Amino acid sequence: MTVRAIRLVLLLCLLAAFLPVEAGASSPPPGATARCRDGSYSFSKHRSGTCSHHGGVAIWLGASSSASARVAVGRTILLGPRTRSAGCRLGALPDRRCSPGAFYARLTRAVVCGRGFHTSAVRNVPQSEKFSVEREYGLTPAYYGTSLEIDHIVPLELGGSNAIANLFPERATARPGYHAKDRLENRLHQLVCAGTMSLAAARSGIARNWPALYRRVFGVPPR
């Protein structure tokens, strides 16, 4: 190899060292827990709402998403009577007549605060159920992408159920927004696991009026 060829190889190696490498499905960035459908990565620790505004989860990363990680959830317990299944009022908050909130009996504080618990082990909302929620709220059943999310009222990280009584359609443009609710869910999980708030109080508070609970927890209105 000539001196000129050696210099060219060295120059190419030097340039390659400074070029950014795009992370692909086979090389996720350190700490990522999921790859979203739009190609971005999520670093969510609890996995509640992971990639919810990026088209959903394309693939879970890590062993916790395997079938062996699934847990027994027990029966669904409603936080109030479900008196309607049609003509539900669409707004920033769920219509409690249709969506009172619900949780799983066996997802106790000890379970949801356990080191091995991940919401991916209990998340199970098929598209047919999402369509049913949209119909109940007067929407045309469709794939709305990032403009609409079928959200859990009591989040999975607090033992929330996948039953339709615990689901409601949340628009991306609704105010207060979904980002604030996500922050509240994570904070409630921390408070419950620290023993500062009971799991029952966290569940009932977020189901009854989550913006009011947000103000209690953070001392400011949600944005």
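**Strand 6, its surroundings and the two disulfides**

Strand 6, residues 148-152, is mostly covered, with five of its five residues buried. The model described here is predicted. Within strand 6, the residues Leu-148, Ile-150 and His-152 point one way, while Glu-149 and Asp-151 point the other way. Residues on both sides of the strand are buried, the acidic Glu-149 and Asp-151 included. Strand 6 is joined by five bridges to strand 7, residues 167-171, and the two strands run antiparallel. Asp-151 of strand 6 has Phe-168 of strand 7 as its bridge partner.

These two strands belong to a protein chain with five helices and seven strands. Along the sequence, the elements follow the pattern α-β-β-β-β-β-α-α-β-β-α-α. The protein chain has 223 residues, of which 40% count as buried. Among contacts in the chain with a separation of 6 or more, 61% are accounted for by residues 24 or more positions apart.

Helix 3 spans residues 127-136. Its buried residues are Glu-129, Phe-131, Val-133, Glu-134 and Glu-136, and the buried residues of this helix pack against strand 6 and strand 7. Glu-129 is buried yet takes part in no salt bridge. The nearest side chain of opposite charge to Glu-129 is that of Arg-82, at 8.5 Å, whereas a salt bridge requires a nitrogen-to-oxygen distance within 4 Å. Leaving out residues up to four places away in sequence, Glu-129 touches Asn-124, Asn-162, Ala-163, Ile-164 and Leu-167. Of these contacts, Leu-167 falls within strand 7, which covers residues 167-171.

Just after helix 3, Gly-138 adopts a positive phi of about 75°. Pro-141 is placed in the loop between helix 3 and strand 6. With a relative accessible area of 29%, Pro-141 is partly exposed. When residues up to four places away in sequence are not counted, Pro-141 touches Phe-131, Glu-134 and Arg-135. Two of these partners, Phe-131 and Glu-134, are listed with the buried residues of helix 3. The C-alpha atoms of Pro-141 and Gln-127 are separated by 9.7 Å, the two residues being 14 residues apart along the chain.

The largest nonpolar core holds 25 residues, of which Leu-158, Leu-184, Leu-188 and Ile-206 touch the most other members. Strand 7, helix 4 (178-194) and helix 5 (199-218) each supply at least two residues of this core. Helix 5 gives the most, with seven residues. Ile-206 is in contact with Ile-153, Val-154, Pro-155, Leu-184, Glu-185, Leu-188 and Leu-213, its neighbours within four places in sequence being left aside. Apart from the largest core lies another, of seven residues, including Tyr-104, Leu-107, Val-112 and Leu-156. In soluble globular proteins, nonpolar side chains tend to be buried together.

Two disulfides are found in a search of the whole structure. One is formed by Cys-88 and Cys-98, whose sulfur atoms are 2.1 Å apart. The torsion about the S-S bond of this pair is about -105°, so the disulfide is left-handed. Both cysteines lie in the loop between strand 4 (76-78) and strand 5 (102-104), and the pair therefore ties together parts that are 10 residues apart in sequence. Cys-88 is buried at a relative accessible area of 6%, and Cys-98 counts as buried at 0%.

The other disulfide joins Cys-113 to Cys-193, with an S to S distance of 2.0 Å. The link of Cys-113 and Cys-193 is also left-handed, with -90° about the S-S bond. Cys-113 lies in the loop between helix 2 (109-112) and helix 3, and Cys-193 lies in helix 4, so this pair ties together parts that are 80 residues apart in sequence. Cys-113 is partly exposed, with a relative accessible area of 25%. Cys-193 is likewise partly exposed, with a relative accessible area of 27%.

Technical notes:
Residues numbered from 1 in each chain as written. Predicted model: local features only at pLDDT ≥ 70, side-chain atom pairs only at ≥ 80, totals over all residues. Heavy atoms only, no water. Buried < 20%, exposed > 50% of the residue type's maximum accessible area, 1.4 Å probe, protein only. Helix = DSSP H or I, 4+ residues; strand = E, 2+ residues; numbered from the N terminus. Pairing = 2+ DSSP bridges. Contact = heavy atoms within 4.5 Å. Core = buried A, V, L, I, M, F, W, Y, C linked by side-chain atoms within 4.5 Å. Disulfide = S-S within 2.5 Å.
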